Amino acid sequence: MEKKNIDWANLGFSYVETDKRYVSNYKDGAWDEGELTSDANVVINECAGVLQYAQTCFEGLKAYTTEDGHIVTFRPDLNASRLADSARRLEMPAFPEERFLEAIDQVVAANAAYVPPYGSGATLYIRPYIFGTNAVIGVKPADEYQFRVFVTPVGPYFKGGIKPLTICVSDFDRAAPRGTGHIKAGLNYAMSLHAIMTAHANGFDENMYLDPATRTKVEETGGANFLFVTKDNKVVTPKSSSILPSITRRSLIYVAKEYLGLEAEEREVSFDEVKDFAECGLCGTAAVISPVGKIVDHGKEICLPSGMEEMGPVTKKLYETLTGIQMGHIKAPEGWIRRIV
Ligand code: PLP
Ligand code: COI
């Protein structure tokens with residue numbers, strides 16, 4: 001199969017239209033059999049539930065070309081179950097998890113020419129989502145939905161690749177204490193747009209959100225969980241019922257313990273202890289692990305000892321081990337890698 005003529009090394013994190021996407025529609029209480037289509041446009045009623053009351057949730061995962069030339073996805077079963085959790089919280093029908101996996105396989109295989117080659121630094125980002133399609137004007141769930149999966153080749157999420165980021169403590173909250181912070185609802189991202197634009201206007205790469213109830217504990221950023229390393233090399237990730245359960249973060253905790261022999265714990269992290277950590281990173285599918293060099297809290301700077309030039313040593317080992325597993329040169333735990341081609 002011949003690859004598309006794309007400058008893989010210089011791809012940013014943006015949308016490139018590819019050849020095929022998967023579509024299945026839900027009507028009269030059932031999902032139809034679904035199919036691949038070439039049509040990149042969605043035509044829905046002007047009063048569709050997604051347009052009026054933001055009834056939509058999504059996932060994000062990647063396909064990789066391994067060292068030996070296969071195309072694989074990383075733990076897609078966890079995206080399938082998280083999308084189902086998100087859908088249920090938004091009163092939407094879950095898409096059957098086994099069918100989710102097959103749909104992803106089909107879209108990736110149909111767009112194999114867009115899967116960046118091994119070693120290019122780029123990957124194929126996969127975006128599955130569900131949204132309410134029929135007209136709803138009273139505040140209530142739609143009766144009809146579409147499940148759709150498109151793919152787009154991407155480079156690093158943050159410009160500058162793996163250079164340490166400068167982030168700020170946000171004055172905005174990302175999630176309510178008993179709200180929707182733990183699911184991947186479009187509404188969580190809509191309400192974060194003003195906060196991220198404000199952070200960028202002030203010269204920061206990202207926001208650190210604190211817990212909405214007390215504003216004393218670290219939550220996450222707009223698109224990634226936090227990972228910290230203590231001065232005695234323990235990996236710590238914040239635990240909260242209002243953050244997204246990141247698949248990358250869960251995988252990194254396992255990698256820290258089982259591959260690197262480190263202690264790793266998920267627990268509440270108070271903002272006051274951040275100044276004592278040795279390393280900080282943002283972890284997620286898009287971000288992989290992006291190192292943080294500086295955290296600014298209303299003019300007060302916390303400079304991580306790992307500095308502004310490179311990733312800290314533990315973050316780097318975690319990064320190399322995780323990407324090594326994804327690219328196939330480090331043996332993966334059972335069930336983590338799904339081979340498509
Ligand atoms: N937190 C938020 C708010 C996100 O949008 C994402 C991205 O998916 C993550 C964390 C990281 O999750 P994952 O590692 O499953 O991609
Ligand atoms: C991801 O990491 O997959 C995300 O969804 C983050 C962002 C692009 C929303």
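## Ligand 2 and its pocket

Let's start with ligand 2, which sits in the largest pocket. Keep in mind that this is a predicted model. The pocket itself has a volume of about 1,100 Å³. It is lined by 49 residues, and the ones closest to its centre are F13, R127, Y157, Y189 and G223.

Now look at who surrounds ligand 2. The list runs F13, F58, G60, Y125, R127, Y157, K184, Y189, G223, T285 and A286. Sort that shell by class and you get six nonpolar, three polar and two charged residues.

## Who touches ligand 2?

Which side chains put a polar atom 2.7 Å from an oxygen atom of ligand 2? Y125 is one of them, with a polar side-chain atom 2.7 Å from a ligand oxygen. K184 is another: an N or O atom in the K184 side chain is 2.7 Å from an oxygen of ligand 2. A286 does things another way, using a backbone N or O atom that lies 2.8 Å from an oxygen atom of ligand 2.

How much of ligand 2 does the protein bury? Taken alone, ligand 2 exposes 280 Å², and the protein buries 90% of that.

## What the pocket walls are made of

Time to zoom out to the walls of the largest pocket. Several elements give two or more residues to the lining: the strands β4 (56-58), β7 (123-132), β8 (145-154), β10 (206-208) and β14, plus the helices α4 (186-190), α5 (193-201) and α6. Which of the elements gives the most to this lining? That would be β7, with four residues.

As for chemistry, the lining of the largest pocket has 22 nonpolar, 18 polar and nine charged residues.

## Ligand 1 in the largest pocket

Where does ligand 1 sit? In the largest pocket. On the protein side, two elements give two or more residues to the shell around ligand 1: the helix α6 (247-259) and the strand β14 (279-284).

In total, 17 residues surround ligand 1, and the closest are Y189, E220, S246, T248 and T285. Split by class, that shell has five nonpolar, eight polar and four charged residues. If Y189 and T285 ring a bell, that's fair: both also turn up in the list of residues around ligand 2.

## Who touches ligand 1?

Three side chains are worth finding on your screen here. Y189 has a polar side-chain atom 2.5 Å from an oxygen atom of ligand 1. For T248, a polar side-chain atom also lies 2.5 Å from an oxygen of ligand 1. T285 joins in too, with a polar side-chain atom 2.6 Å from a ligand 1 oxygen.

And how much of ligand 1 is covered? On its own, ligand 1 exposes 380 Å², of which the protein buries 96%.

## A closed space to look for

Besides the pocket, there is a cavity to hunt down. How many cavities of 30 Å³ or more does the structure hold? The answer is one. The largest cavity has a volume of about 130 Å³. Of the 13 residues that line the largest cavity, the closest to its centre are Y64, F74, T248, T285 and Q326. You have met T248 and T285 already, since they are among the residues closest to ligand 1.

The strand β5 (61-65) and the helices α6 and α7 (313-327) each supply at least two residues of this cavity's lining. Among the elements, β5 gives the most, with three residues. By class, the lining of the largest cavity divides into six nonpolar, six polar and one charged.

Key. Residues numbered from 1 in each chain as written. Chains lettered and ligands numbered in written order. Predicted model: local features only at pLDDT ≥ 70, side-chain atom pairs only at ≥ 80, totals over all residues. Heavy atoms only, no water. Near = heavy atom within 4 Å. Polar contact = N/O pair within 3.5 Å; in protein donor to acceptor, adjacent residues only side chain to side chain. Areas by Shrake-Rupley, 256 points an atom, 1.4 Å probe, with all protein chains shown as cover. 1 Å grid on protein atoms, 1.4 Å probe; cavity = no way out; pocket = protein on both sides within 12 Å on 5 of 7 lines; lining within 4 Å. Sits in = over half its atoms within 2 Å of the grid points. Nonpolar A, V, L, I, M, F, W, Y, C, P; charged D, E, K, R; others polar. Points joined across faces, edges and corners; volume = space filled by probe spheres on them.
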